[in-house]
Amino acid sequence: MLKKLALINETILDCLNEKDDIKIVKTFTETGIKILGANFGFVWLKQLNNDKWTLVYKTRNLPFHPHKPRLTGINYKVMTTGKIRYIKKFKNTPSDSNAGKHIKSFMIIPISYKEKTYGTVVICFKKPESFSREKKVLSTFLGNGIAQVMTVHRSHERAEKLKEAHILLNQEKLKTEFIANTTHELRTPLAVIRGTVDMVFLENKINNKTFVENTLKNINKEVAHLSGILANLALLTSESGRTKNRIDYKPVNISKLIGELARRLRNVSREKDISIQTKIPRNIILAGDENYLTKLFSNLIRNAITYGRHKGWVKISMLVKKNTAEIIVSDNGIGIDKKDLPHIFDRFYRGDKAHSSDGKRTGLGLAIAKWVTDIHGGKISVSSSIGKGSTFTVILPIKNSRK
Ligand code: ADP
């Protein structure tokens, strides 16, 4: 008896890593037939989402096809009560399969654990069986064993499903935030375009050639800016491998690029009475993508203004070393919390909600900044102290001839 119990235990251990219910019941039924001295068997399982029965397994030598459990039948009773049944003398009724021809006795073992019944195992005997105490103990253990394994398996499955759902939910959240950010990014240039066109009509300047020309030039610039943003966002969302091919490395006058940006952004900084001071050596050229570099520094300078203090300053300087240009953007604004510092370059990461005063910031700016720096073979870092201000340093290789 102990040896047989040990065999059930071994089967439990063997099946713990098995994910397929059918394989589990097959292994157990075969063990059961062996230790109970039976001849064949089959297994009914209740489907997970409804109460339908499925014959999931029968031994190859089963000489009849079991009929579906009926509401009035013993199988159904075992399933609903979770109590094992031993039938010593099997009487075939006319509606039954011709099982009576082949078997004299059988037992129906519920697969149940903690009041949950997954199905039944039917073990059949060709010869009449008296069901000794030992066989009764063993069959009870067998039913419990299968149920235990299936419980472990199903809770594991449930945990996996929950994990999957969680991942999907997170992705959905990221997507929503991403769309919010994109909308925000696109709104500004569109507003400029609309305003300029309105001006032509409102001020009746349609016949003023110079005015119209200037307006079109401005619109053109903003459209280019829009396309740039779209390309940037598209790149940021695609895999890095594919993106590399689409970057256009050309000589870029980084001094001019930053100088122009500073001039452009003075309009924005004026609103907060923030001064922008630049200290940039002239005509430093590096190999890079002008659109992306513009986006990188525009993000840093915009942030310095957004998170800057009223009447404060933003300083932009450049140190040229042997092979690198070190561009430093610092402000004397609100600074960044120590706990946020390791995350600010992550996509969609935003500091304390209170910091993001206009509700439009979505935490993509620094992710783009880091990505642009990376593809130029550079490094970006930050030092900050809460209440005092922040300093972002971008180091870019000057002799960058990457293609
Ligand atoms: P966003 O500004 O749209 O939230 P960013 O990726 O540009 O996204 O910045 C991420 C976070 O880093 C911001 O939410 C803000 O908390 C913090 N941060 C960025 N730049 C500065 C800065 N110059 N001063 C203070 N905090 C900053």
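Mentor: Before we dig in: two strands pair if DSSP finds at least two bridges between them. Also, keep in mind this is a predicted model.

Trainee: Got it. How many bridges join β11 to β12, then?

Mentor: There are 7, and the two strands run antiparallel, with β12 covering residues 389-397. Serine 385 stands opposite glycine 389 in β12.

Trainee: And what's the strand order in the sheet they belong to?

Mentor: The order is β7-β9-β10-β12-β11, an open sheet of 5 strands with mixed pairing. At the edges sit β7 (275-279) and β11 (379-385), each pairing on one side only. On average, neighbouring strands are turned by 15° against each other, ignoring direction.

Trainee: Which strands does helix α7 touch?

Mentor: Helix α7, residues 254-270, packs on the sheet and touches β7, β9 (313-320) and β10 (324-331). The direction of α7 makes about 170° with that of β7.

Trainee: What about α8, where does that one lie?

Mentor: Helix α8 (residues 290-306) lies across β7, β9, β10, β11 and β12, and runs at about 170° to β12.

Trainee: Switching topic to the start of the chain: at what angle do α1 and α2 cross?

Mentor: Roughly 170°, with the axes of α1 (residues 2-15) and α2 (residues 21-36) coming within 10 Å. That makes α1 roughly antiparallel to α2, because angles over 145 degrees count that way.

Trainee: Which residues meet there?

Mentor: From α1 you have Lys4, Leu7, Ile8, Thr11, Ile12 and Cys15, and they meet Ile24, Thr27, Phe28, Thr31, Lys34 and Ile35 in α2.

Trainee: How do they divide into nonpolar, polar and charged?

Mentor: The contact has 7 nonpolar, 3 polar and 2 charged residues.

Methods. Residues numbered from 1 in each chain as written. Predicted model: local features only at pLDDT ≥ 70, side-chain atom pairs only at ≥ 80, totals over all residues. Heavy atoms only, no water. Axes fitted to C-alpha atoms, helices over the stretch in contact; angles between N-to-C directions. Helix = DSSP H or I, 4+ residues; strand = E, 2+ residues; numbered from the N terminus. Parallel < 35°, antiparallel > 145°, perpendicular 65-115°, else oblique. Contact = heavy atoms within 4.5 Å. Nonpolar A, V, L, I, M, F, W, Y, C, P; charged D, E, K, R; others polar.
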